[in-house]
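Grab a coffee and open the viewer: here are some short exercises to work through by hand. Try each task before you read the solution below it.

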Amino acid sequence: MNITSTQRNGFAAIVLEGDVDLSCSSALRKELLERTFERCDIVVDLSRVGYIDSSGIAGLVEAYQGARANGTRFILAAPSVPVLRVLRLARLDRVFTIVESVEPVPAVAATPGESLL
Amino acid sequence: MLPPDPSGAAGDGPSRHLDLIAEMMAAFARSQDVEATLRLGLVRAVERLEAEAGSLFLLEPDGSLRCRASVGPVDVTGLRLAPGTGIVWRTVEANCPQRVGDTGRDPDFAPTIDDATGFITRSILCAPVAAGPERLGAIELFNKRGGHPFSDADLGLLQALTASAALAMINARLLASLAEQEMMQRDLELAAEIQRAMLPPLQGEDSPVHGVNLPARGVSGDFYEIVPLPDGRIAFAIGDVAGKGMKAALLMARTASLFRCLVKREDGPGRVLAAIESELHETRLAGTFVTMVAGLLDVDTGRVVLANAGHEPPVLYAKGRFVEIEGGMPPLGIDPRLFADGVPETVVDLDGGALYLFTDGLTEARGVVGGVMLGAAGVLGLLDAFTAMSAAERLQTVLHALGGAVTLRDDVTLMVVEDRTRPPSSAVQRLFPARPEVLAEIRATVAAALAGIGGGAEVVEACVLATDEACQNIIRHAYKGGEGDIVLHVSREDDSVVIRLMDFAPPVDPSKIVSRPLDDVRPGGLGTHLMRSVMDTVGFRPPPMGIGNLLEMVKRIESP
């Protein structure tokens, strides 16, 4: 898995590439929690993730909770088919704010829990 | 009993010698050469107690006392005293200090030394050098200057000195014996290393014969050999030398090298064993013997010729059944007359299966829980669980399974001779280290196995996800992040894909593995829910031989 972190439209944009499993989920969690701690609005680009398991999902859930506590925004962008499948299996597609396109992030993002898909 | 102190001096306690006692204790504590310090102590004691002369006697290995240092007008260093001679012997034998005010009135006083040297002994103060009951020698002082006898305080000082001397000597001896033990241990470790280096190298995956050895500790009496012959057949042997330590190790080395040499010369394993017996008889290693099976595999026909000298019977696994190959001779190295008519051979048709050979270290391994012997049945039960694995991996897996689950009292050696004429199994079974980094490889293995077995993209996706989640649970919860193994099994049974994951961790309580309520949004606990969502059934099954945990997940290929 590759993680790149950039700024996009005032969001901290975290781009994930490859497989997200137990071997790298702690690196993802660390990155997400750091951005959350800095009270950034976060968008996670999941378009190039080939596989994600529960350990990766757990990191996303934790960051989502942190953002909610902060009152910041946490958005999942363009999840690939495998990611969307696992999100649905876990019924988390109803919890996360999910947007179809990575760019541009809407100036006024949807409220948490409202999927734009 | 000591005679009363004739000086009767008040305030003359040993406390006034505290400076000397402290000096000598410090000297003994940092001494590299205890005897030199003892000599210094003797000189100091003679000075401080105003004696005319003094001697240090130490017990020799032959039981005599020898003078190791001497102060005074006459040097008696090197003098030997046979047991029973004089006041010094009385001190050592009684292990109790002696004070003689007037030698003329003590019947035990031996004037021989005075006679030989011209020295006139009037009074004696002698204290044993001893640590508890262990006697090491004595320090003897002669003639207090000024004509007085030695006092209680004098005795107190001498006893304080001999006590620290004794401690220093015992310490030095312990250190020396420890160093010797360490050297012996290093020798033994080196011997064990050399021995392991003599075992055959790991065979390639395509070899039909494999062996593994797990040494219990120290040098081993087990061995195995794999020798490919020029005509394409493969000779092999497994053996166990009775007895322990260096002697058994040397006999093992000799027997193994005899096998390697003779197998190229003699025709058939029966003749090889008879030839080894006759060579061993020449070397006469009384008190030890060797149990051994020698065999020859014809790779093209899948037939094995076996000869057994007192070893555990090899076991054939074919068509789902285990059969012991009985018969054979007594062990090698007992009586060559037993082998006068040679060793009978048995021909075994592997029949698409495999032949297993092992040493009793394996069958006598005891379970950590309950302490029950694994037995041949237990070993076979384990082998049976891993039949879809490659032969080399199967042996490793059995050893890994045993590693966590049994206490080894002896070396374990296990061999397999496999029929390469058999059709390969359609099931996939592989051993992986339980680490997050191999999860990608495990997922790829499941996907590849399903490509061979059948099942659409949805089945593959489901099985890959469920296997990954189950492996995560094993890594995180069964092994708790520590070292371990995962056995992955993927097969097709009727219209279903069956995935079995086995670990060798302590048993997991399935009731504690619960699916998280989905309304409760929080990290963790998701994995089990995902597994149950994508597979048709997920459940723990009794693991082979009760070792570790076995999770079975089934996915139907054709939806009803």
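**Exercise 1. A cysteine and its surroundings**

Leaving aside neighbours within four places in sequence, which residues is B:Cys67 in contact with?

Solution. Before you start, keep in mind that this is a predicted model.
- Step 1: find the residue. B:Cys67 sits in strand 2 of chain B, which covers residues 65-71.
- Step 2: list its partners beyond four places in sequence. They are B:Ser55, B:Leu56, B:Phe57, B:Val76, B:Thr77, B:Gly78 and B:Leu79.
- Step 3: pick one partner and check the backbone. B:Leu79 is 12 residues away from B:Cys67 along the chain, and their C-alpha atoms are 5.2 Å apart.
- Step 4: look at the accessibility. B:Cys67 has a relative accessibility of 1%, so it counts as buried, the cut-off for that being under 20%.

**Exercise 2. An alanine at a strand's end**

Work out whether B:Ala131 is buried or partly exposed, and find what it touches.

Solution.
- Step 1: locate it. B:Ala131 belongs to strand 5 of chain B, residues 124-131.
- Step 2: compare the number with the cut-off. Its relative accessibility is 23%, and buried means under 20%, so B:Ala131 counts as partly exposed.
- Step 3: collect the contacts. Once neighbours within four places in sequence are set aside, B:Ala131 is in contact with B:Ala166 and B:Ile170.
- Step 4: try one C-alpha distance. B:Thr162 lies 31 residues from B:Ala131 in sequence, and the two C-alpha atoms are 9.4 Å apart.

**Exercise 3. Two helices within chain B**

Describe how helix 1 and helix 2 of chain B are arranged relative to each other.

Solution.
- Step 1: decide what you need. Two packed helices are described by the angle between their axes and the distance between the axes.
- Step 2: read off both values. The axes of helix 1 (residues 18-29) and helix 2 (residues 34-48) of chain B come within 10 Å and cross at roughly 170°.
- Step 3: name the arrangement. Angles over 145 degrees count as roughly antiparallel, so helix 1 and helix 2 of chain B are roughly antiparallel to each other.
- Step 4: see who meets whom. The helix 1 side includes B:Leu20, B:Met24 and B:Phe28, and the helix 2 side includes B:Val34, B:Leu38 and B:Arg48.

**Exercise 4. A helix pair across two chains**

Now do the same for helix 3 of chain A and helix 12 of chain B.

Solution.
- Step 1: get the geometry. The axes of helix 3 (residues 81-89) of chain A and helix 12 (residues 457-478) of chain B come within 13 Å, with a crossing angle of roughly 65°.
- Step 2: classify it. Angles of 65 to 115 degrees count as roughly perpendicular, so that is the label for helix 3 of chain A and helix 12 of chain B.
- Step 3: add the hand. Helix 3 of chain A passes helix 12 of chain B in a right-handed crossing.
- Step 4: name the residues. From chain A come A:Arg85, A:Val86 and A:Leu89, and they meet B:Glu458, B:Glu461, B:Ala462 and B:Leu465.

**Exercise 5. Two positive phi angles**

Where are B:Glu50 and B:Asn95 found?

Solution.
- Step 1: take B:Glu50. The loop between helix 2 and strand 1 of chain B holds this residue. B:Glu50 is not a glycine, yet its phi is positive, at about 55°. Its relative accessible area is 43%, so B:Glu50 is partly exposed.
- Step 2: take B:Asn95. You'll find it in the loop between helix 3 and strand 4 of chain B. B:Asn95 isn't a glycine either, and its phi is about 50°. With 24% relative accessibility, B:Asn95 counts as partly exposed.

**Exercise 6. How far to trust it**

Which stretch of chain A has pLDDT under 50?

Solution.
- Step 1: start with chain A overall. Its mean pLDDT is 87, and 87% of its residues reach 70 or more.
- Step 2: find the weak stretch. pLDDT stays under 50 over residues 113-117 of chain A.
- Step 3: turn to chain B. Here the mean pLDDT is 85, with 89% of residues at 70 or more. Over residues 1-11 of chain B the pLDDT is below 50.
- Step 4: draw the lesson. Where pLDDT is low, the predicted coordinates should not be read in detail.

Methods
Residues numbered from 1 in each chain as written. Chains lettered and ligands numbered in written order. Predicted model: local features only at pLDDT ≥ 70, side-chain atom pairs only at ≥ 80, totals over all residues. Heavy atoms only, no water. pLDDT = per-residue confidence, 0-100. Contact = heavy atoms within 4.5 Å. Axes fitted to C-alpha atoms, helices over the stretch in contact; angles between N-to-C directions. Helix = DSSP H or I, 4+ residues; strand = E, 2+ residues; numbered from the N terminus. Parallel < 35°, antiparallel > 145°, perpendicular 65-115°, else oblique. Left-handed = near helix turned anticlockwise from the far one by under 90°. Buried < 20%, exposed > 50% of the residue type's maximum accessible area, 1.4 Å probe, protein only.
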